[in-house]
Amino acid sequence: MIIANDAIAAPLAFALRPVKGVHVDLHEYAPRQGEDRRRWRLLVGPFMDWACRRYVSKASSTSTVAKGIAREYNKVYGFPEPSFVPNAAPYESQLSPTPVESPLRIVHTGAAGRSRRVEVMIDAVAEANRQVPGTATLDLVLVPGEKLYIAELIERAKAVPGEAIRVIPPVRFDQIVTLLHRYDVGLFICPPTTFNLKYALPNKLFEYIQARLAVVIGPSPEMEQVVIRHGVGWVAEGFDAESTANLLLRLTADEVSEKKRASHGASKELGAETLSAPWTDAVKALLDRGQ
């Protein structure tokens, strides 16, 4: 059998003619992954669409990272909804929530792409501190991306009084949760500027939970389901700085502490070992096939 890593690998997987079939791990919605870039839409998007129509549609099984994305694959290409396997972080059994500090220690990790509008989170914390000085600090851990955009974010952060907002160097993947553990709140305001961002259920959300943080997000439907169901944080009314600042100003140390404890309680259920079960089940089903 062959596991194809994303739609782009499906043509090769089928060309190798595995006797027990192909499982395609689709990650995000491939045909619209770079839709915010004209060059990608013209040159790459049609290829991804071809791979999905001609090859992914014939796969023995598929998986993807969010339920909204699974529904779109089914709607557009007609194959059964992929199984839901989010990008969860491994379960951290040794960590416990840390005491909440003042100012509130907020952190954001992730790629620095313009479509993600990271500046909204900078402006939100800056506005909260303008209204009530000392409300929070924000550390941004940005994966290297567009250099000019990162430079703009650094300058924007430096302009906030009192060094309340910093851009700090990224760390290795296996060090992320350890880094996050020193904070109180994991923040991700993700405007739905693309299809995949609208249905984002990113690894950072699960890393925040493994680090035993409270979580603050915008009204992103996939993340909202996790946050509300497990009681690990709050959902801002909008994706703008004002809505986020208003939410941050309402938070109390006791409430943040309660959400950190909720993350602790949900950490095993939301660990990779548990959430990857549908993926491993699909693989076992293919291995059990006769030739």
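Helices (H or I, at least four residues) and strands (E, at least two) are DSSP runs here, numbered from the N terminus. Keep in mind for every panel that this is a predicted model.

**View 1. Y29 meets F195.** This is one of nine aromatic pairs in the structure. The ring centres of Y29 and F195 are 5.1 Å apart and the planes sit at 55°, so we call the pair tilted. Y29 comes from the loop between β2 (22-25) and α2 (38-43), while F195 belongs to helix α8 (residues 195-198), so the pair ties together parts that are 166 residues apart in sequence. Neither ring has much solvent to look at: Y29 counts as buried at 3% relative accessibility, and F195 counts as buried at 9%.

**View 2. Y73 and Y77, a tilted pair within one helix.** Here the ring centres lie 6.4 Å apart with the planes at 35°, so Y73 and Y77 are tilted too. These two tyrosines are four residues apart in helix α4 (residues 67-77), which means about one helical turn separates them. Both Y73 and Y77 are buried. Pull back a bit and they turn out to be part of one aromatic cluster, made up of Y29, Y73, Y77, F79, F195 and Y199.

**View 3. Two lysines over aromatic rings.** In one case, the charged end of K204 sits over the ring of F188, 4.2 Å from the ring centre. In the other, K259 puts its charged end over the ring of W234, at 5.6 Å from the centre.

**View 4. Inside the largest nonpolar core.** This core has 88 residues, and the ones touching the most other members are Y73, I165 and L205. Helix α5 (residues 119-131) is the top contributor to this core, giving six residues. Y73 is the tyrosine already met in the aromatic cluster. As for L205, set aside the neighbours within four places in sequence and its contacts are V215, M223, V226 and V227.

**View 5. The largest pocket and its walls.** The pocket holds about 800 Å³ of space. Its lining takes in 38 residues, with E28, G110, A111, R116 and K204 nearest the centre. K204 is also the lysine whose charged end sits over F188. Several elements each supply at least two lining residues: β5 (104-111), β6 (136-143), α7 (176-180), α8 and α9 (203-210). Helix α8 is a familiar face, being home to F195 from the first view.

**View 6. A cis peptide bond at P103.** Going from S102 to P103, the peptide bond is cis, with omega near 0°. P103 sits in the loop between β4 (83-84) and β5. Strand β5 is also one of the elements lining the largest pocket.

**View 7. Positive phi at R17 and H27.** Most residues other than glycine have a negative phi, and most peptide bonds are trans. R17 is not a glycine, yet has a positive phi of about 50°. R17 lies in the loop between α1 (10-15) and β2. With a relative accessible area of 71%, R17 is exposed. H27, not a glycine either, has a positive phi of about 55° and is found in the loop between β2 and α2. That loop also holds Y29. H27 is partly exposed, at 22% relative accessible area, whereas Y29 counts as buried; the cut-off for buried is under 20%.

Key: Residues numbered from 1 in each chain as written. Predicted model: local features only at pLDDT ≥ 70, side-chain atom pairs only at ≥ 80, totals over all residues. Heavy atoms only, no water. Phe/Tyr/Trp six-rings, centres within 6.5 Å; stacked < 30°, edge-to-face > 60°. Buried < 20%, exposed > 50% of the residue type's maximum accessible area, 1.4 Å probe, protein only. Lys NZ or Arg CZ within 6 Å of the ring centre and 35° of its normal. Core = buried A, V, L, I, M, F, W, Y, C linked by side-chain atoms within 4.5 Å. Contact = heavy atoms within 4.5 Å. 1 Å grid on protein atoms, 1.4 Å probe; cavity = no way out; pocket = protein on both sides within 12 Å on 5 of 7 lines; lining within 4 Å. Points joined across faces, edges and corners; volume = space filled by probe spheres on them.
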